[in-house]
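Thanks for coming, everyone. I would like to walk through a few parts of this structure with you, so please keep the view open while I talk.

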Amino acid sequence: MKELIYIFLVITTFSWSQNLEKAASFRKEILLNEGWKTTMMESSPKSKLDFVNQSDADWKMVNVPHNWDQYYGFRQIKHGNLHGTAWYSKKLKIGKQESGKRLFLFFEGVSSYATVWVNGIEVGQHKGGRTTFTIDITDAVKYKSENQILVKAEHPAFIADLPWVCGGCSGEWGFSEGSQPLGIFRPVTLVETNDVRVAPFGVHIWNDKSVSKEQAILHTTTEIQNFSSSDRKIIVLNTFFDKNGKEVVSVKKEVVVSKGNKEIKQTLPEIKNPNLWSPESPYLYTLVTTILEKNKVIDKISTTYGIRWFSWPIDRVGEDNRFFLNDQAVFINGTCEYEHQLGNSHSFSDTQIKARIEQIKAAGFNSFREAHQPHNLKYQQLLDESGILFWSQFSAHIWYDTPEFKENFKTLLREWIKERRNNPSVVLWGLQNESTIPKEFAEECTAIIREMDPSASSQRKVTTCNGGEGTDWNVVQNWSGTYGGNPLNYHVELSEQLLNGEYGAWRSIDLHTEGEFDQKGILSENRFSQLMEIKVREAEAVKDKVAGQFNWLFASHENPGREQNGEGFRTIDQVGPVNYKGLFTIWGEPLDAYYMYRANYVSNKTNPMVYIVSHTWPNRWGTTGIKNGIDIYSNCDEVELFNDVNQQSLGKLKNPGRGQHFQWNNVNIDYNILYAVGYVNGKKVAQDYVVLNNLPEAPHLKNLSSNEEVIASKSNYNYLYRVNCGGPDFKDSFGNLWLADTHKTEENSWGSLSWTDNFKNLPAYFASQRTTSDLVDGTQNDALFQNFRYGMDQLKYEFSVPEGEYLVDLYFSEPWYGTGGGLNCKDWRVFDMAINEEVVLKDFDIWSEVGFSKAIKKTVTAKSKNGQLVISFPNIKSGTAIVSAIAIASKDKSLKEVASLYKNIINTSSKTSFEIGSWMNINQKQYRDSEAVFTYLPPHLYTADYICFSNENATSGSFVSKENAMVSVLVDSKIKTILPWLSDFKKKRKQLKIATELSFQFSKKK
């Protein structure tokens, strides 16, 4: 079925940083994000005209935003990102009543070189990708007929005429920092106006230096476009409204506009006692710009604006080196962020962007720095509304001394400024990070910025960061503790530097260490949190002398051109190259340090929280006894720690102050739970707990579980499949066996598929499975929900079934968002779930329905198609989709339950008893007839298939690995002789450990 859009049917409100009235006859805007076809080529076809007019290319249906380079950059290849040419096609029917209007296509982002055709006629081009462009399609459109829009998006390797280059293609590998998208990676809108209209981003508003708490004078310019051939006499009316819609002031001007563009300057009357924009109160007015001709409105748009003024210390008279906003000192506590996420980089939805901004604000950050290219326009809208200060960034570390590069750089620079200059949140213009631009060219660019933004340099400083000349300010970066230096001297250095553009550290999730900060220590989560806390404490000590600092990085990002695969401790999590310094992983999981920031910068009056370090460290101890260094992050006045549920107190401590944390030392640990309660003004307001492996069960542990049970089978149904997604075989409390998640490799079998199936030589579950040790409310079968799969549209489960109707039970639990309390995580994870391409769960938000770590069951019916039920996740609006378990049942009692599959290990024989298992993990048994469990595994053994023997002295036998595999053999470390049959295995230095402190050496071979 063809997708047709009628422009008189769908009217939406859209923002060019400037909104419009809904359903106005003088301006209509229709989102064209749905129903595109796309195909990918390594290079452009030889005959572009033939391709445009009639192509038999292999097309697939997508919605935009869309990025072809979805997973290529995560395969542990130094330069694995995708380059080539993508084509997009869409059918559009336009009614006869629209004739006489001007029609435009507004693209927010097409990378890197865009060419657009309508009905085979080339209507425009754009170079760059990260700024918007508008194309007039009026003369190419057919009315009362189907129109074809065709877009070519070229992203070749080794671009040398643009400021935005893939890191693997830059002159210094990796130093452009980040990948670049390939495709239509931001929204597309059809815009209908009269032939005299306001140009895109054509309204500019600013307040001059005279602004104060008592009065403000605002200036505007309005760019008018006249597409007719005659002069037109119009009135430009600018009306300023408060947030309640009450008119404050207005100004109008009668002008004559000839064909082409004309800029109209106006000054609004003085505003008495204006409401000021600030982080605490981000008050936004609305400027409504109306164009009238013969007393008839022919165009109208609105622009939000916040009145404020600020000053930086670099050229201010006096010795006060703080940043001032509205004459109030504000300490800048900022973070930096790329639009990157595993499987969804660059092509963020509005919901994903909203979630990112809320996550940033929930950490207590009051400032945001783009890294290191212009982000989606939705960011700046939400930053304005959230009261977050914005350091907008144009480029990073790229310079080519050619006329083409210089011209494109300046053109894109103008577009960037024009799109962002009205935003009150913007306090700095970032020309380039780690700049390689010559001083003279930087001076030319700075002059352009000052020309377009009267507040530039006087208020908004033009910057480079960590290198560069020719702007107002080269803001330093201070990486002491990470790249040398003494982090304990940071307060002295910051006092001289005034603003730190970046500080951060490497870390790997799940990797933990005991003790205090060790500058030469391994790159654990603990070391990471400790160093970030030192930077917080040192900066807070001199906050009355400096402007502030920016953490690097909020969420880890793709980093082509480098060798960085340390995002996780487990090999299955080591996607890359990734700049693994994020407070969130590349797949969206918060680390301990995120809660450290929350503890320091979030109010305990509105968002009390407590977080025990760490929820990813269940094997911290192997025995009971005296323990030290139990850390808790909390913003509460006091925290009490228990070794049972509200029992066996280990003491109550007072908040030690900003830049420090609660710590318990020399306490006796008897049981397997740490339970913390936070108090504000003596009242219990927050709690957290972690469950530990290897220790005796706490007497009151079961108090944490409710009597609910969501996994009960439905009566009168015959269950064919029960699958533990991302986990091993599991027998539930009803005696039902849930099969281990199995990778589908044969046509008539069942199993899971993920993004790795599109590539060669990648592990089946690479970057699509996680575990949690947190208890799950709403079930007595926690283990079924503690393993789960995550992913985007490539994650699928395919089940072979006879034709018929089936009951499908889908099980979920939110594993991350909401930990420690004080969080509103609505929209942080939103996805659709489909069966045989029919959506059965729409905009599913686990946290909004049941909160953190609680089991939820969704039951649907579905009919098989071609002997299959295919469960997929076709649309993810934010975060990643997750699933914990799936059960499939039929009313047909003659159908047989599917048996467990271990497809890789086959033809096994042994003289002693054995078990074949999958999804190897800590806390699993060493022997099938022994209680000793593994407390430590090398990274590559997590999720492995394995053979577990009985605890007998002599074992012999054989097996076959059906697929190519790495085979590891574990041998007691006390055995020093080399067993003859291991002679062709490579011995590794890493060890395994079990709870009895016995360790194993292991050898491996392919």
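Strand 43 and strand 44 form a hairpin with 2 residues between them, and in that turn Asn681 has a positive phi of about 55°. Strands here are DSSP runs of E with at least two residues, helices are runs of H or I with at least four, and both are numbered from the N terminus. Before going on, I should say that this is a predicted model, in which local features need pLDDT of at least 70 and side-chain atom pairs count only at pLDDT 80 or more, while totals for chains, interfaces and linings use all residues. Residues are numbered from 1 along each chain as its sequence is written, and side-chain values use heavy atoms, with hydrogens and water left out.

Back to the hairpin: strand 43 covers residues 673-680, and 8 bridges join it to strand 44, residues 683-691, with the two running antiparallel. Two strands are said to pair if DSSP finds at least two bridges between them. Strand 43 is also joined by 5 bridges to strand 39, residues 638-642, again antiparallel. Ala676 of strand 43 is the bridge partner of Leu641, and Ala676 has Asp688 as its bridge partner in strand 44.

How many of the residues of strand 43 are buried? The count is 8 of its 8 residues, where buried means under 20% relative accessible area, exposed means over 50%, and partly exposed lies in between, using a 1.4 Å probe and protein chains only. Both faces are covered, with Ile673, Tyr675, Val677 and Tyr679 on one side and Leu674, Ala676, Gly678 and Val680 on the other.

Let me turn to another sheet, an open one of 3 strands in the order 14-16-19, with antiparallel pairing. Its edge strands, each pairing on one side only, are strand 14 (196-207) and strand 19 (260-267). Strand 14 is joined by 8 bridges to strand 16, residues 218-226, and there His204 has Thr221 as its bridge partner.

Finally, the helices: helix 4 (residues 403-420) and helix 5 (residues 439-452) pack at an angle of about 30°, with their axes 10 Å apart. Axes are lines fitted to C-alpha atoms, for helices over the stretch in contact (heavy atoms within 4.5 Å), and angles run from 0 to 180 degrees between N-to-C directions. The two helices are therefore roughly parallel to each other, a term for angles under 35 degrees, with over 145 counting as roughly antiparallel, 65 to 115 as roughly perpendicular and the rest as oblique.
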